[in-house]
Every structure is written in structure tokens, then in C-alpha cells.
Amino acid sequence: MTVPDALDTLLAGNRRFTAGTPEHPNQDAARRAAIAPAQSPFAVMFGCSDSRLAAEIIFDRGLGDLFVVRTAGHVVGPEVLGSIEYGVSVLGSPLVVVLGHDSCGAVAATRAAVQDGTTATGYVRDVIERVTPSVLAARAAGHTEDADFIDTHIRHTVDLLLERSRVLAAAVDAGTAAVVGLSYRLADGTARLITARGADVPAGTPAQ
């Protein structure tokens with residue numbers, strides 16, 4: 001798939017999901033057998049670990065379609081970068097998606113930590129520290145609404161991936177890959193485009 005085709009396929013699947021008319025593609029025995037020797041996912045999905053954010057379901061896809069990487073608050077570490085680079089450079093995925101969502105616990109906890117000066121215990125503290133730059137940026141911009149903090153964190157994550165991964169940045173510069181940020185609404189199931197780097201936004205795509 002080309003970058004626009006991959007993004008359009010994802011968004012079309014999300015529209016089917018929200019309309020209650022999923023097709024459940026590539027989920028049968030024939031597909032299972034066909035991809036057993038090798039995988040060729042058309043998108044790398046880097047999303048939050050939230051249990052309500054199952055990528056193959058909300059984008060109505062199946063086996064072998066998505067290479068999924070998940071962390072709480074979609075925070076970035078070496079393992080995440082290596083996994084995304086593998087999806088792009090080895091598996092040939094043309095599209096990388098950062099998938100955030102409203103009511104994100106990691107963002108809420110970070111906002112509380114920044115406001116109250118509190119700190120979490122264990123490795124949860126590491127998650128909060130990695131979300132903190134996004135929260136500080138949103139506060140500096142004068143934002144107060146949850147959606148604005150979520151969107152800022154999605155944009156920051158997209159930028160961070162391209163800043164830290166030379167492999168990904170080179171693929172985007174070469175026009176062989178793109179990185180986009182989507183925000184998912186838990187209540188109605190819609191995925192909204194927030195930012196795109198290296199991709200032409202399809203006509204009619206809701207964007208900011």
C-alpha cells in the first residue's frame with residue numbers, strides 16, 4: 001500500500017466500526033494460513049495500552065494487517081523505537097500511527113503530578129516523567145481542556161519518534177513512510193486525525 005492508501009484503509013475501517021457494520025476482514029483460516037510464512041503489515045500502530053483501545057477491532061482489520069506496539073500513555077523508550085523501526089525497515093510498513101485517546105490515565109496522572117507536585121512510586125513514575133513534557137507544553141500554550149492535553153501529547157509523540165529515530169526520519173524524508181497521530185474517542189469510537197508528517201491527508205479527513 002501507499003501511505004495515503006494505508007491511512008484511508010484504517011479510517012474506512014474505523015467508520016465501519018463506529019457505524020456498527022464491521023466486515024472483520026482477514027480473520028479466517030485462509031488468511032491465517034496465507035500469512036504463516038511471513039508478515040507484511042500495512043501499518044505500525046503505536047498506541048496506549050488502555051484495554052479499551054484494541055487496534056484491530058476499532059479499525060476493523062485482521063491478521064497480519066497491523067504491527068502493534070503499546071505502552072501506557074504511548075510513552076517512547078528504546079524498545080518502542082526498535083519495534084517501530086523493525087516494522088518500517090524490515091517489514092516494509094509505509095505508515096506509522098500514534099494512537100492516543102480521551103480520558104487517558106497517564107496524561108491525567110501527569111497533570112495531577114505537575115499541578116500538585118506529587119510523585120508516583122515504582123516505574124509508574126517513569127511513565128509520568130515521560131508524559132510531563134507534553135503536559136508542560138500544553139499548560140504553556142494556555143490549554144485547560146483534557147482534549148487539548150491529549151492532542152498535544154499525540155503531537156509531541158509524533159515529533160519525538162522522528163527526532164529520535166534516524167531510520168524513521170529517513171524513511172519519511174524519502175517519501176516511503178509517514179507518521180500520523182490519531183485521537184480516539186472512547187464513547188463513540190471515532191478516530192480523529194491530529195497531525196501528519198510525510199503524508200497527504202485524504203480529502204474529507206477531519207483534521208486540526
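Let's start with Asp60, in the loop that runs between helix H3, residues 55–58, and strand E2, residues 66–71. Please keep in mind throughout that this is a predicted model. The backbone at Asp60 has a phi near 50°, a positive value in a residue that is not glycine. Is Asp60 buried or exposed? Asp60 is buried: its relative accessible area is 2%, and the cut-off for buried is under 20%.

Now, who touches Asp60? One partner is Glu23, so let's hop over there. Leaving out neighbours within four places in sequence, Glu23 is in contact with Arg16 and Asp60. Glu23 sits in the loop between H1 and H2. Unlike buried Asp60, Glu23 counts as exposed, at 55% relative accessibility. There is also a distance to look at here: the C-alpha atoms of Glu23 and Gly62 are separated by 9.8 Å, and these two residues are 39 apart along the chain.

While we are in that loop, meet Asn26. This residue is found between helix H1, residues 3–19, and helix H2, residues 29–34. What is phi for Asn26? It is near 55°, again a positive value in a residue other than glycine. Asn26 is partly exposed, with a relative accessible area of 25%.

Let's step back and look at the whole chain. How many helices and strands does it have? There are eight helices and five strands. If you trace them from the N terminus, the order is α-α-β-α-β-α-β-α-α-α-α-β-β. The radius of gyration is 17 Å, close to the 17 Å that the globule rule gives for 208 residues, so the chain is as compact as a globular protein of that length. Along the principal axes, the C-alpha atoms fill a box of roughly 55 × 40 × 35 Å.

What about the inside and the outside? Of the 208 residues, 46% are buried. The chain exposes about 9900 Å², and carbon and sulfur atoms supply 52% of that area. As for how the chain folds back on itself, take the contacts between residues at least 6 apart in sequence: 67% of them join residues at least 24 apart.

Next, a pair of helices. Two packed helices are described by the angle between their axes and the distance between the axes. Helix H7 covers residues 146–164 and helix H8 covers residues 166–174; they pack at an angle of about 100°, and their axes are 5 Å apart. That makes H7 roughly perpendicular to H8, because angles of 65 to 115 degrees fall in that class. Which residues make the contact? From H7 we have Leu161, Leu162 and Arg164, and from H8 we have Arg166, Leu168, Ala169 and Val172. Sorted by class, the contact has five nonpolar residues, two charged ones and no polar ones.

My last stop is Gly181, in strand E4, residues 178–184. Gly181 is buried, with a relative accessible area of 0%. What does Gly181 touch, not counting residues up to four places away in sequence? The partners are Val98, Ile154, Val158, Arg192, Leu193, Ile194 and Thr195. One of those, Ile154, falls within H7, the helix of residues 146–164 that we just met. And one final distance: Gly181 and Arg197 are 16 residues apart along the chain, with their C-alpha atoms separated by 8.8 Å.

Thanks for listening, everyone!

Note on methods. Residues numbered from 1 in each chain as written. Predicted model: local features only at pLDDT ≥ 70, side-chain atom pairs only at ≥ 80, totals over all residues. Heavy atoms only, no water. Axes fitted to C-alpha atoms, helices over the stretch in contact; angles between N-to-C directions. Helix = DSSP H or I, 4+ residues; strand = E, 2+ residues; numbered from the N terminus. Parallel < 35°, antiparallel > 145°, perpendicular 65-115°, else oblique. Contact = heavy atoms within 4.5 Å. Nonpolar A, V, L, I, M, F, W, Y, C, P; charged D, E, K, R; others polar. Rg over C-alpha atoms; globule rule 2.2 N^0.38 Å. Buried < 20%, exposed > 50% of the residue type's maximum accessible area, 1.4 Å probe, protein only. Areas by Shrake-Rupley, 256 points an atom, 1.4 Å probe, with all protein chains shown as cover.
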